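The following exercises concern aromatic pairs, nonpolar cores and a pocket. Please work through each task before reading its solution.

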Amino acid sequence: MHRLLVFLKYPTAGRVKTRLAESIGPERAADLYRQWIGIVLGKIQAARSGARLVACYDGAPREAFAPWHGLVDEWWPQPAGGLGDRLDAAFKHWQVEENPTIAIGTDCLDIDTALVDAAFATLRNHAAVFGPAADGGYYLVGMARYLPGFFEGIPWSTANTLAAHQAACDRRRWSFGLLPALHDIDTLDDWLDYQQRGNEQA
């Protein structure tokens, strides 16, 4: 069965959305992020008919995430390490045999089941799939089967993250497909832009 991994942190003030917090304060940023967890999980519920939804959590014990327990199929604690290490560990753990697996975060509120379905469809013909983010990173990444070393040497949280990962795939001759570009929400400008595009705060 397909796997849909959702990476999320517990919404503790001062530990999430720190760039947004610089403008609106840590408490408000944490409150917004708490809402965004529910928004993202809510918009991908229909995907559970064809994929097992796994919440890869960090920042608090599993019990602290009780408000969202009904929205996922399984919970898995993220290990220590950098983002690449944690992504690799999650894919290695959950990508059993040749089951296509994708991972998303909770920073892009435009993700929905249609995009998840498109990502899995892309993996029928490619080794990997990326959902480009406007800041140069990506909001979604997936593999048709587990590829050792896929996340090694990637410069995270830069304007060149996606380009560097695509170049790494080219060097290893791993084909990849791209989804439509979307926006992550990291700063106040990002949040205001999201609202101006016709979205309402939850």
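**Exercise 1. Classify the ring pair of Tyr138 and Trp156, and place it in the chain.**

Step 1. Tyr138 is buried, at a relative accessible area of 14%, whereas Trp156 is partly exposed, at 23%. Buried means under 20% relative accessible area, exposed over 50%, and partly exposed in between, for a 1.4 Å probe and protein chains only.

Step 2. This is a predicted model, in which local features need pLDDT of at least 70 and side-chain atom pairs count only at pLDDT 80 or more, while totals for chains, interfaces and linings use all residues. Residues are numbered from 1 along each chain as its sequence is written, and side-chain values use heavy atoms, without hydrogens and water.

Step 3. Rings of Phe, Tyr and Trp (its six-membered ring) pair if their centres lie within 6.5 Å; planes under 30 degrees apart count as stacked, over 60 as edge-to-face and the rest as tilted. The ring centres of Tyr138 and Trp156 are 6.3 Å apart and the planes stand at 75°, so this pair is edge-to-face.

Step 4. Tyr138 belongs to strand 6 and Trp156 to the loop between strand 6 and helix 5 (161-172), so the pair ties together parts 18 residues apart in sequence. Helices (H or I, at least four residues) and strands (E, at least two) are DSSP runs numbered from the N terminus.

Step 5. Both residues belong to one aromatic cluster, together with Phe91, Phe130, Phe150, Phe151, Trp174 and Phe176.

**Exercise 2. Determine which parts of the chain the pair of Trp36 and Trp191 ties together.**

Step 1. The whole structure contains 15 aromatic pairs. One of them, Trp36 with Trp191, is tilted, with 5.2 Å from centre to centre and 45° between the planes.

Step 2. Trp36 lies in helix 2 and Trp191 in helix 6, so parts that are 155 residues apart in sequence are tied together by the pair.

Step 3. Trp36 is buried at 0% relative accessible area, and Trp191 is also buried, at 6%.

**Exercise 3. Describe the largest nonpolar core and the surroundings of Ile44.**

Step 1. A nonpolar core is a set of buried Ala, Val, Leu, Ile, Met, Phe, Trp, Tyr and Cys residues joined through side-chain atoms within 4.5 Å. The largest has 44 residues, and Leu4, Trp36, Ile44 and Ile102 make the most contacts inside it.

Step 2. Elements that each supply at least two residues include strand 1, helix 2 (26-43), strand 4 and helix 6 (188-196). Helix 2 provides the largest share, nine residues.

Step 3. Beyond its neighbours within four places in sequence, Ile44 is in contact (heavy atoms within 4.5 Å) with residues including Leu4, Val6, Leu53 and Val116.

Step 4. A second, separate core has 23 residues, among them Phe7, Trp76, Leu162 and Trp174.

**Exercise 4. Locate Ser175 and list its contacts.**

Step 1. Ser175 sits in the loop between helix 5 and strand 7 (176-178), and is partly exposed at 34% relative accessible area.

Step 2. Apart from neighbours within four places in sequence, Ser175 contacts Asn125, His126, Ala127 and Ala128.

Step 3. Ser175 and Leu5 are 170 residues apart along the chain, and 21 Å separates their C-alpha atoms.
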